[in-house]
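Biologist: Could you take me through one part of this assembly up close? I'd like to hear about one helix and the contact it belongs to, and then how the chains are arranged around it.

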Number of protein chains: 4
Amino acid sequence: MLETETKHGAEKETGRLEAFSDGVYSIAMTLLVLDLKVPHVNGPGIPGELIRALVAQWPSYLAFVTSFFTILIMWVNHHAMFKLIGKVSRGLMFSNGFLLMMTTVVPFTTGLVAEYLQKPGGRFATAIYCASFVFISVGYNLTWHSAAHNRRLIRSDVPDRAVQTITRNYRFGVPSYLVATACAFINPALSMAIISALWIFWSITPGKE
Amino acid sequence: MLETETKHGAEKETGRLEAFSDGVYSIAMTLLVLDLKVPHVNGPGIPGELIRALVAQWPSYLAFVTSFFTILIMWVNHHAMFKLIGKVSRGLMFSNGFLLMMTTVVPFTTGLVAEYLQKPGGRFATAIYCASFVFISVGYNLTWHSAAHNRRLIRSDVPDRAVQTITRNYRFGVPSYLVATACAFINPALSMAIISALWIFWSITPGKE
Amino acid sequence: MLETETKHGAEKETGRLEAFSDGVYSIAMTLLVLDLKVPHVNGPGIPGELIRALVAQWPSYLAFVTSFFTILIMWVNHHAMFKLIGKVSRGLMFSNGFLLMMTTVVPFTTGLVAEYLQKPGGRFATAIYCASFVFISVGYNLTWHSAAHNRRLIRSDVPDRAVQTITRNYRFGVPSYLVATACAFINPALSMAIISALWIFWSITPGKE
Amino acid sequence: MLETETKHGAEKETGRLEAFSDGVYSIAMTLLVLDLKVPHVNGPGIPGELIRALVAQWPSYLAFVTSFFTILIMWVNHHAMFKLIGKVSRGLMFSNGFLLMMTTVVPFTTGLVAEYLQKPGGRFATAIYCASFVFISVGYNLTWHSAAHNRRLIRSDVPDRAVQTITRNYRFGVPSYLVATACAFINPALSMAIISALWIFWSITPGKE
């Protein structure tokens, strides 16, 4: 334990981890637009063909908007979690890294669902999509556990109640997403309804502000 | 309401939201250069062919410069808006997220205009371009409303006059861009003139510095 | 020597160098996901074909996870190193720049190994992979040397013991990776074992927290 | 003029502009690696073919290393310039934006030279490369002028001598790069020598630290 680990140093540490995470979130969100391609139409009746070509890309637009808001909600939750954290440990850095890695996978799994939504492979694609959120939920729980277990890295001015609320909310994640994954093989629409309900839940729960 | 939400904590919060937004703006601007491709020319009279190949890419250069400055002006305005904001709410995070999402779409819609500028689809492409700014303008108004309504998140040392100036300026956005969108079907050049006039307006209005 | 180089200014300087480095790390990690492509399957028995197409991409997944954690470990070490640094010099900026450049090469060399793992070129690909870490290790040593030689840029409250520990740990890097590179031509699996053992070492050594 | 523009607010402003610029620099540098592609070799004698394929990519490696260090030197200079700036103006934001835009073009012009180095188009490609630095130099001069003219945005504790040194050094840029551009049509090697000499100059001049 270095003498340098004063309150000031600890805050700077947390700031750097947050900035790093924000970097990953903002890049992951901005890269999404690379999947929107200007269609190349060369026939004579261009206006109609351009409209048709743009409309035919609708799964790309759906994937773009869904991925963007999904990662935005995750960022808002990450933000809410780190508001309570005042120190950094190696465990926090690596579990947060796992969470970030699974977050960057979201555009890939979303693209998979968008592509196969109306094809025979749709159930399998939906299952992979839901499974990626099982891992993300594991990432949130690991990150939170490494910070909140015995209040190891929690700021001293944070009331126990606030810590317990997050612990309780995060516990829902893994089982709910596992149920959604299992449902995908029977009824993908039901899976998507569960996933959507959870997004609404995660959008509301980051705590009163 | 946590005890942690002191002035210091609130400032850190705003700082993190700004850094996240800056990340999205800077990445969106830097990704633009990916659309400039080195032309592959292999014929015998290479110098002339290289020049012709580079000149033929002029819509890419136009789209690059236009998109870059468009996003730069939006960043300067975002900067001016957040200078007055001292706290963060969930509403601000999500409306700002919507604004950022629509901002990342600009390279796509600009590319669309550059590609179809001189083709029959030009009117339709221009209409989509203008429409994207209707949404961006909605995003600015939502973000500003969630901060400035009843001065909810405005710093206490900011005079009412400064808040009202931004509110008044932003009100122009949505109707002006709607007019530009409608014009696109009749006279795309007029649409582009309206859009350009608005850029000059947005470049000047961020407030005296 | 400007009067402006007070303690406050020096801290801001270091902060900017860290933020810049964090930017490179987070972008390098997030770009990795661009190599995961949604497979386009159009045959009649799509579910089976989709599964086969996804499974066939396993070298991409392996490269993705390996590169992500490799860069994450390097970031954690960079973080631990800069915790002790309180000032910035031109030498630090350029040696840190060299380190960052070699770091961004990791996805390329990892992709090379993933592609040629089970082909005749595997030994050569493994050697290149190991060689890239020789250069990264040189980068860490140069960066650390430019900061720690005569404690030039080390914060005054950091004990000598902490400085010496990092110096000692980094000294292992170059010779170990050279051995791994040489091994690659005889036994690539042994090279990979050495590399993996070193990752575990680097994950543990950033110092007690 | 808002009451909010106190010393604290001004510093936060500058910090945000620096962070935004750092974002653009770090992304521009990290995107460079996307041009290094894993070669796909499928013939029987793979080791030899893989080596040949990797060697044949040498212009990519040259462009990668050159672009990386070029942008790194520009970042170090940007850093040195902003160390003296304590306030932000709209003029600074837009001239800095122009500078950043031209900076992101470097990978494109470098790629052009790497591709046509040994072909008849080499002179023309070299001229474009040099011309891009004319614009970058204009960007630095505009940015510095908008900050240093009458010391408008210079921190009060910075001595006049430090301001004059930067002004004097930057004045060399535009004419030197214009000469290099003109030389390209006669002797591209001489152009490259001038450019290289200037890089060494810019690496050394950011001021004593």
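Modeller: Right after H5(A) comes Asn150(A), with a positive phi, near 55°. Keep in mind that this is a predicted model. H5(A) itself is built from 27 residues, and its first and last C-alpha atoms are 39 Å apart, close to the 39 Å expected at 1.5 Å a residue.

Now for the contact that H5(A) belongs to. Chain A puts 30 residues into its contact with chain C, and chain C answers with 32 residues. On the chain A side, helix H1 (7-31), helix H4 (90-116) and helix H5 (122-148) are the elements that each give two or more residues. H4(A) has the largest share of that side, with twelve residues. Sorted by class, the chain A side comes out as 18 nonpolar, seven polar and five charged residues.

Chain C also has chain D as a partner: 30 residues of chain C are in contact with 32 residues of chain D. The chain D side draws two or more residues from each of helix H1 (7-31), helix H2 (46-56) and helix H3 (58-82) of chain D. There, H1(D) gives the largest share, nine residues. The class split on the chain D side is 21 nonpolar, four polar and seven charged.

Then there are the pairs that stay apart. Chain A and chain D don't touch, with 9 Å between their nearest C-alpha atoms. Chain B and chain C don't touch either, and their nearest C-alpha atoms are also 9 Å apart.

How do the copies relate? A turn of 90° and a shift of 0.0 Å along the axis lays chain A on chain C, with an RMSD of 0.0 Å. That's the relation of a four-fold axis. The copies meet through different surfaces, because only 10% of the interface residues of chain A are also interface residues in chain C.

One more helix pair, this time inside chain C. Helix H7 (residues 173-184) and helix H8 (residues 188-204) of chain C have axes that come within 7 Å and cross at roughly 160°. H7(C) and H8(C) are therefore roughly antiparallel to each other, and H7(C) passes H8(C) in a left-handed crossing. The residues that meet include Val179(C) and Cys183(C) from H7(C), with Ile194(C) and Leu198(C) among those from H8(C). This contact of H7(C) with H8(C) has nine nonpolar and two polar residues, and no charged ones.

Conventions
Residues numbered from 1 in each chain as written. Chains lettered and ligands numbered in written order. Predicted model: local features only at pLDDT ≥ 70, side-chain atom pairs only at ≥ 80, totals over all residues. Contact = placed C-beta atoms within 7 Å. Helix = DSSP H or I, 4+ residues; strand = E, 2+ residues; numbered from the N terminus. Nonpolar A, V, L, I, M, F, W, Y, C, P; charged D, E, K, R; others polar. Expected span 1.5 Å × (residues − 1). Least-squares fit on C-alpha atoms with pLDDT ≥ 70 in both. Axes fitted to C-alpha atoms, helices over the stretch in contact; angles between N-to-C directions. Parallel < 35°, antiparallel > 145°, perpendicular 65-115°, else oblique. Left-handed = near helix turned anticlockwise from the far one by under 90°.
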